[in-house]
Structure formats: structure tokens, C-alpha cells
Amino acid sequence: MNTASAPTTDEPSPTDEPSLSARETIKALGAYVRPHRWAVTLGLLCALVGAAGGLLQPLATKALVDRLASGETIAGILIALTVLVVLGTAVEALGAYVLERTAESVVLAARRTLVGRLLRLRISEWERIPPGDLMSRVTSDTTLLRAVSTQAVVSAATGAVAFVAAVVVMAFLDVVLLGVTLGVIVLVGGAAALVMPQIARATERSQKAVGEISVGLERSLGAFRTVKASGAEERETARVVAAARRAWRHGVKSAKWEAVAGSADELAVQLAFLAVLAVGGARVASGEIPVSTLIAFLLYLFYLIEPVSKLVDAVTSYQEGAAAASRIAAVERLSTESPARQADALPRQGTAAPGPASVRFEDVSFRYRPGLPYVHQRVRFEVPGAGMTAFVGPSGAGKSTIFALIERFHEATGGRVLVDGKDVRHWPLSQLRSAIGYVEQDAPVLAGTLRENLVFAAPNATDDALRDVLARTKLDTLVERLPHGLDTPVGHRGSKLSGGERQRIAIARAVLRKPRLLLLDEATSQLDAVNELALRDVIADVARETTVLVVAHRLSTVTGADRIVVMDAGRVRAVGTHEELVDQDRLYARLAATQLLAPAR
Ligand SMILES: Nc1ncnc2c1ncn2[C@@H]1O[C@H](COP(=O)(O)OP(=O)(O)OP(=O)(O)O)[C@@H](O)[C@H]1O
């Protein structure tokens, strides 16, 4: 089996969206350049000064030849020529620096905008697109903006100015020879223009493949132990290498077209040289023009190489930049949540808490995407402020989705979700989330120190609050054991911690936020007896002053709950206490008796 040809992802990617039109591309690129227009202008002026210096050189040479012919001294002209060369080079170097610096600033601005957008993406968008693809747009595609946003602008402008200036001077020298020159250039240039769109296409495909490399790596490195345990190193390597090969193939294709386009300028001038030599030679022989005019004209012809190649470079960079701009614009089109104001997004520490929040679901229907089956069908329940409510039911019943709707990660398809009697859609998003502490089922821990992880949701938490939470979640013994206490790094995704420790850290993080509503999606894995007891106590303790909703997988959690909501296939079947439900609800009685809920210790 040829695993190397396996696709790196089945997920659709934003690259599947149509590319930008030429107008949209220019508008998008213009938006990157606009904030740096003065720097680009300075770079342009420097380049123009350099080009003007170059333009004067053939004239000075003509004067030098004429003086030599008439026996005059040439020292003055030689000095003038030297000064011209040195000054021209210095100004060009300054211009190049200004442009490179500006190009880096354009890349920075694009990355800043993209990162800002990525972290505000709606969850539905984030679920749709592999993170590796998004990452490669921030890291790799933005670098392609470097050339197009500055150097290409300047190359196009200076190339055009120098080209027109040379053509004007050449027209003064001899119109016939100019006609011959332009004829050849237009012919070769027209042929080269045909390959330009191929560069954009190959670049876009190559960048897409680079994105697939990131997607593949992210997939394998994100499940590293599973890859090793499954003996899948070679298969996973082949997947990523297949994407790398695609990137290579399209990169080579782009290089081929760029080589064709890049040699066109040289070819045009060389052919024009031969034509001018033939026609000009005949005109010199017939006495229509002096030999110095032919020499000057030929020098201008070679001078043309630079502006023409600059124009070709500009168009080539534009093609590459257009491919990158399309991929970046695709991210900019993804829908985001409204920007959180930092002040709103954090819980208010030290101020009088407005008390536990109430939650109500009014005939909520929900499906993750049009075309998918409904996960919730007319879900209805009410949770008053404070106390613990447990959600139980078979796997896939829609319990965790309840939390996603309260957090407004997704919006109800029908009905209303109310927090404190107010529809969550009418809450400012950041304020809604600042009232909630949320512990995901897989209790993610971020790379960084233990302290950073604990205060992640409440950066202003005091040391006293931190100590208190550590004691309540029985993490204080872990802190004592760690070599650098709270400042010990926990590894990538908390890989240096045990599953139970990660879970307690996630709970401590949520509790430290002093939420008015705590959403706890209990891990399905078993904890040891000590851990489980510790967690139960913490939750019971928190439930005295906060509304706690738990997706429960353990009977020990459920038995202590003030109310239990039994869910099945997206519907609420029954609500009651453990004692009531054991008698009244067959599903609950069965769940309580079987392995779905572990027996109480
Ligand atoms: N992001 C998503 N996109 C599409 N479908 C989803 C998504 N998340 C969950 N689902 C589907 O929605 C249904 C309900 O999922 P949910 O996670 O709410 O169930 P649950 O009752 O919490 O299950 P468990 O007890 O196994 O955690 C499942 O069939 C699941 O496959």
C-alpha cells in the first residue's frame, strides 16, 4: 500500500474557498502597505536616486567618448562618474534597508492580526479547520507578504520610471532603433506574461501543502504516545513526508515558471541588442547616425535590463503575494466572536459577589451543523442559584453539549438558554464567561509552570486565595514535592503530571476564578479513592456558595447532588434526587446499578 499518497487530512480547509480576484488581492495587499506608505516612499525615493545615477552613466560615457575623439581631457568626467557611482550605491543601500525593515513590519502586522483573529474564532470554525493549517498561515504565508508589500512596489515604480526615462532618452538618440527595441521587448514580454498566473497557482498549492505538513505534524505530535504505542511512526512519517513532497513538487513548478519569467528580460534585451546592432550598424554605415549614438543607444539597451528585470520581479512577487494574500484572507473571513474586553473577561476580584447564578433551558433544540442530527430536542430544566446539579445519561446523550450552550461556544438552534433569567445571547459574551468556571472533561493543562496554570483564569488572584485553593484541592502536597514548587514547569500539555493531578489543577483553576456558576465535566476515567473523595469534598464545598453543574460519571458524585437531570438521546427524561430517581426512572436505576456510574466507595 502506498501510504505516502494518503491525504493528510479529511477536514475541509479554508483553502478550498475561492481565491481572491485581482482587485481584491490588490486591495488586500494595499491594506498591508498603507500604514507604511512613508517608509515605502522613502525607499522608493532612494531607489529612484540610485536609478537616476545609473541613467546618467551612459550619457557621461558618451561625453567621455566624444572628448576622447576630440582629444580633450577626461579627468573631470572620470571623477564625476566615480562620485555618481559611490553616491548612487550608498543611497540604494539606505533604500534597501528601509524597505527590508518595512517588509518585516508588514509581516509583523499581518501575524499580529491573524493571531488576534485565531484566538477569537468561533468554536464551530475552530472545529472545522485543523489547527496546523491555521498555524502555517500565521508562520509561513505571512513571510510571502514580505517581498510583495515593499520591494515589489518599489521595483514596479522604479522599474517603470527608469524604463520610461531610458525610452525617452533612446527616442532622442534614434527613433528607428527604439522602434526595433520595443518591438522585441513587447514580443518576448507578451510570451513571459502567459506564465505568470502559473506562478500564483503553483505558489498557492505549495503553501497549501506546507499547511498540510503542519496539520500532519500536529496530528502525530499531539498524540505522540499513541503513535509510538501503535507502532505508527513510519506511517505517520510517510503522511507528513507526502505533504512535504507535494510542497516540493509545487515549489519546483513555481521555480520553473519563475526561471522562465526571470530569463525573459535577459532574452528580450539580448535579442534587441542583436536587432539594434544589425539595424544600427546599417544606419552608421549609411551615415544616418554617428557611431557614438549607436554606442550610447546600446549602453541604454543594457541599462534597460535592470528596469525590465525589476518589472518582471515585481510581477513575480505579486503572483506569490497574491497566493499568500488569498490564504490569509480566508482566515480573515472566518467568523469570530466579539472581542473580549480584558476588564470584562476576568472575574471581579475583591468586589461583593452578586451570588450564585441560576440556569434555565427552555425547550432548547440544537444541532452542531445543518444536516447533522439534533443533539438536543426540546430540552427543558431549571437550576436555581447554588447547590449541585448532576447530569447523567448514556454516552452521547448530549450532556456536555449543555455546557457548550451555557458558555455560548455554540448557540441554540431553537428555544432559549437563560443565565440569571437572561438569554445568554443578550449577555455581553465576556461578562457571561467571566461569571463561569469551566472544567473540560480532558482537563487541559497548558505548557508553563504550575502557578501559570492555576492563575490562568484569574491572573489577579492573591497568594492567600491560591494557598486556600491548593489546600482544598489537595494540591499542596504535590507543590511540596515538586523541585521548584509552584514554579515547576508542568511540560507540554501537563505531560509531567498524573491524570488525577491534571484534573485537580483544572478544578483549582476554575475555583480560583470565584465563579458564580461552575461547570464541571467529570473525567470518565477512574480516580483513586483518595482523589475522588478529595474532589467530592471540594465540589460540595464550592456548591455551598456557587451553582455547580456536573456532568457526572461516578455514582459518588451523583448521590451528593441536590438534583439529578437524567438525559437520554437529547431529551430530559427525569429530574429528581438519587432516592427519587432510583424508584421512579428505569434508565437511572439501571445506570446507577451498572458500570456507567461507578459504585460508591
Ligand atoms: N463538535 C461537535 N460536532 C458535531 N457533533 C458533535 C460535536 N460534539 C459532540 N457531538 C455529538 O453530539 C452528541 C452529544 O455529545 P455530548 O458530548 O454532548 O454527549 P455526552 O452525553 O456528554 O457524552 P459522554 O458522556 O460520552 O461525554 C454526540 O453524538 C456527539 O457525537
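**Figure 1. Strands β1 and β2 pair side by side in this predicted model.** Five bridges join strand β1 (residues 359-366) to β2 in the antiparallel sense, and the model they belong to is a predicted one. To find your way into the pairing, start at Arg360: its bridge partner is Glu382 in β2. Helix α14 (residues 399-406) is worth including in this view, as α14 packs on the sheet and touches β1, β2 and β4 (414-419). The direction of α14 makes about 110° with that of β1.

**Figure 2. β1 also pairs with β4, and β4 with β5.** β1 and β4 run antiparallel and are joined by five bridges. A handy landmark here is Glu362, which stands opposite Arg416 in β4. From β4 we can step on to β5, which runs antiparallel to β4 and is joined to β4 by two bridges. Here Val419 has Lys422 in β5 as its bridge partner. The hairpin of β4 and β5 has two residues between the strands, and in this hairpin Asp420 takes a positive phi near 55°.

**Figure 3. Four strands make up an open antiparallel sheet.** Reading across the sheet, the order is β2-β1-β4-β5. Why do β2 (376-383) and β5 (422-423) each have one side without a neighbour in the sheet? These two strands stand at the edges and each has a single partner strand, so one side of each is left free of a neighbour in the sheet. If you look along any regular strand, it helps to remember that side chains alternate between the two faces of the sheet.

**Figure 4. β3, β9 and β10 are linked by a parallel and an antiparallel pairing.** Strand β3 (residues 387-392) pairs with strand β9 (residues 563-568) in the parallel sense, over four bridges. Within this pairing, Phe391 stands opposite Val565 in β9. β9 also pairs with strand β10 (residues 571-576), this time in the antiparallel sense and over five bridges. Look for Asp568, whose bridge partner in β10 is Arg571. Two residues lie between the strands in the hairpin of β9 and β10, where Ala569 takes a positive phi near 50°.

**Figure 5. A shell of 13 residues surrounds the ligand.** Which residues come nearest to the ligand? They are Tyr368, Ser395, Lys399, Ser400 and Thr401. Helix α14 gives the most to the shell, with three residues. Sorted by class, the shell holds five nonpolar, six polar and two charged residues.

**Figure 6. Helices α2 and α3 pack against each other.** When you compare the helix views, keep in mind that two packed helices are described by the angle between their axes and the distance between the axes. For helix α2 (residues 37-70) and helix α3 (residues 75-118), the axes come within 8 Å and cross at roughly 160°. An angle over 145 degrees counts as roughly antiparallel, and that makes α2 roughly antiparallel to α3. The crossing in which α2 passes α3 is left-handed. Their contact has 19 nonpolar, eight polar and two charged residues.

**Figure 7. Helix α3 also crosses α6.** The axes of α3 and helix α6 (residues 145-173) come within 8 Å, and they cross at roughly 140°. That makes α3 oblique to α6. The crossing of these two helices is right-handed. On the α3 side, the residues to look for are Leu99, Thr102, Ala103, Val106, Val107 and Ala110. They meet Leu145, Arg146, Ala147, Ser149, Thr150, Gln151 and Val154 in α6. By class, this contact has eight nonpolar, four polar and one charged residues.

**Figure 8. Helices α17 and α19 meet through nonpolar residues.** Helix α17 (residues 463-472) and helix α19 (residues 499-512) pack at an angle of about 140°, and their axes are 10 Å apart. The two helices are therefore oblique to each other. Their crossing is right-handed. From α17 come Ala465, Leu466, Val469 and Leu470, which meet Ala508, Val511 and Leu512 in α19. How do the residues of this contact divide by class? Seven are nonpolar, with no polar and no charged residues.

Definitions and conventions
Residues are numbered from 1 along each chain as its sequence is written. This is a predicted model: local features need pLDDT of at least 70, side-chain atom pairs count only at pLDDT 80 or more; totals for chains, interfaces and linings use all residues. Two strands pair if DSSP finds at least two bridges between them. Two residues are in contact if their C-beta atoms, placed from the backbone, lie within 7 Å. Axes are lines fitted to C-alpha atoms, for helices over the stretch in contact, and angles run from 0 to 180 degrees between N-to-C directions. Angles under 35 degrees count as roughly parallel, over 145 as roughly antiparallel, 65 to 115 as roughly perpendicular and the rest as oblique. A crossing is left-handed if the near helix is turned anticlockwise from the far one by less than a right angle, and right-handed if clockwise. Ala, Val, Leu, Ile, Met, Phe, Trp, Tyr, Cys and Pro count as nonpolar, Asp, Glu, Lys and Arg as charged, and the others, Gly among them, as polar. A residue is near a molecule or strand if its C-beta atom, placed from the backbone, lies within 6 Å of it.
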